[in-house]
Amino acid sequence: MLRLERIGKIYPTGEVLRDVTWEVKAGDRIGLVGVNGAGKSTQMRIIAGLEEPSSGQVVKQGAPRIVYLQQEFDVDPRRSVRQELFQAFGEAAEVLNRQAEVEEAMASDQAAADPDHLDRLIHQLGSLQSRFEALHGYELDARIDKLLPTIGFSPEGAELKVGDYSGGWQMRIALGKILLQEPDLLLLDEPTNHLDVETIQWLEGYLIAQSVPLVVISHDRAFLDRVCNQIVETERGVSRSYLGNYSQHLELKALERQAGQAAFERQQKELASQQAYIDRFRASATRSTQAKSREKLLDKVERIEAPLESLAGPRFQFPPAPRSGRQVALIENLSHSYGDRILFLGANLEVERGDRIAFVGPNGAGKSTLLRLVMGLEQPEEGVASLGDHNVVAGYFEQNQAEALNLGRSVIDTLFEAVPDWTQTQVRSLLGSFGFSNDAVFKEVVQLSGGEKARLALALMLLTPCNLLVLDEPTNHLDIPAKQMLEDALMDYEGAALLVSHDRYFISRVANRIVELGNGELVLYRGDYAYYQDKKREEAAAALEQEDLRQRNEKRQANRLKQAKRQASRSNERSPSEHDPAAAPSAGAAPRAAQTKTA
């Protein structure tokens, strides 16, 4: 369907892509991976035709309809869901929007006061309606009706405003608009950002069920494992393709690296042996000719390049902190609401030293609010939510932490202020793992993007000695190597940690306890994420069995009732009606009538 051939891209700030070659075929679900700044979004924009490559070409078979869902998708909160979905139909949507404007103008005071103006509007409306019919506009509405249940909306829900829905549901609307365009190739840039686990799992299942080829950028390793059947990794401007999902790509890459290293070492050994022979006999009277011959052959040998070193960031260790008491945080009889929504109702939880607790639940369940209550940034309506009272030193990272940065400082000076005894090499190494390399470390904070500020704020917070880490979505804006570095550091961390994250891979590596929020309660699962998933499956199976038992009991009761009614009906049919003279028994038939009644 589409092939990138030796794509290169150079910006004024430097070269991003040097030799990118890969292709999209029918049935492909390709994951683009690489560190931040590796050129993933650049490749996506080149495929979509939004940018031109500096070198190379994109070869397309025919004229495929390519649709691109960017990180910041565009939906209008003022429209209804149905109206917003209709915007996918281009000219038909423009005609419909213009109809609405004309109808509004017809109801205006100007139209009421000026009959000629009203006539012009009526004529204009008629022309628009004719054009709408010519574009099969009413058939397009039927396509929306067919799509609605697929993306999780009821007919009634489709009449609500887009702004009434959360970000996750708005993403479904944006995806629905794309699918209504019937693309030949779907491009998704970080589609799981800011989605809760439930919505991510829905998206995974939905994409797997689609037949449309897909290229997706994501740092969500669980998502890449579930959805993708091919991985394209870009390192230092060069791309490599691997069949399989993300985990399989890591295995293949490791084997490839081992084989490449072995081949490189074998060749180096052979080259050294040949060079030693040449050097030894170059001046020999009897073997100089042979030595020169070998030297010519050696010059023609195609050298095997040493395998590229992994771009994973350096290991990071949290600075040592004083030992806390056994209890590091306490939630007791907590009740709290947000507007009309009750988040917690008599909730209880004790956090002990060494606990690494991940809080899970849908968006809006109160996960971030709970962290703020524990940190004392909000006061509970009832009950207790507080840190432990014995030597607890907490480090808190919240999603808007970047707002506290000094905008006038450079990136590197911001870190030096926190660790003045570090060398420049140490600081630049840590900054590199958080996506700041080369001259980027000298940029002023005010010049950074929102994601860059968040990464800098996280790096800064992690340098503060503490024995309790309270982290709200710490992996947002981190690439996979930076996530791995943070995971490794947390696994070696001796303090306690309270984590909110929608990254299931991150949670599965780091957390040793899971707390689920829902129905005003905090339900503690004393195990890691795999244990939690097993327990949820057991609970779902038990609930299904209970529901099946309930339905069987209802069916039995209904059958008994039917049987009783049938028996009563038969009995009534056998018994003569006391109001039917024809059925009145004769004197000689009395014993038989009595016998029938008894029976």
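Buried means under 20% relative accessible area, exposed over 50%, and partly exposed in between, with a 1.4 Å probe and protein chains only. Helices (H or I, at least four residues) and strands (E, at least two) are DSSP runs, numbered from the N terminus.

The model is predicted: local features need pLDDT of at least 70, side-chain atom pairs count only at pLDDT 80 or more, and totals for chains, interfaces and linings use all residues. Residues are numbered from 1 along each chain as its sequence is written, and side-chain values use heavy atoms, with hydrogens and water left out.

**Exercise 1. Find which residues of helix α12 are buried.**

Step 1. Locate α12 at residues 367-374.
Step 2. Go through the helix: K367, T369, L370, L371, L373 and V374 are buried. That makes six of eight residues, so the helix is mostly covered.
Step 3. Look just past the helix, where G376 has a positive phi, near 80°.

**Exercise 2. Work out the strand order of the open three-stranded sheet.**

Step 1. Start with β10 (residues 327-338) and β11 (residues 341-352), which pair in the antiparallel sense over eight bridges. Two strands count as paired if DSSP finds at least two bridges between them.
Step 2. Check the register: I331 has L349 of β11 as its bridge partner, and Q327 stands opposite E352.
Step 3. Inspect the turn. The two strands form a hairpin with two residues between them, and G339 there has a positive phi of about 65°.
Step 4. Add the remaining strand to get the order β11-β10-β13, with antiparallel pairing. Because β11 and β13 (382-387) each have a single partner strand, one side of each is left without a neighbour in the sheet.
Step 5. Place the helix: α12 packs on this sheet and touches β10, β11 and β13 (contact is heavy atoms within 4.5 Å). The direction of α12 makes about 125° with that of β10, where axes are lines fitted to C-alpha atoms, for helices over the stretch in contact, and angles run from 0 to 180 degrees between N-to-C directions.

**Exercise 3. Describe the largest nonpolar core.**

Step 1. Recall the criterion: buried Ala, Val, Leu, Ile, Met, Phe, Trp, Tyr and Cys residues joined through side-chain atoms within 4.5 Å.
Step 2. This core has 52 residues, and F86 and L175 are among those with the most contacts inside it. Helix α7 (residues 167-180) gives the most, with seven residues.
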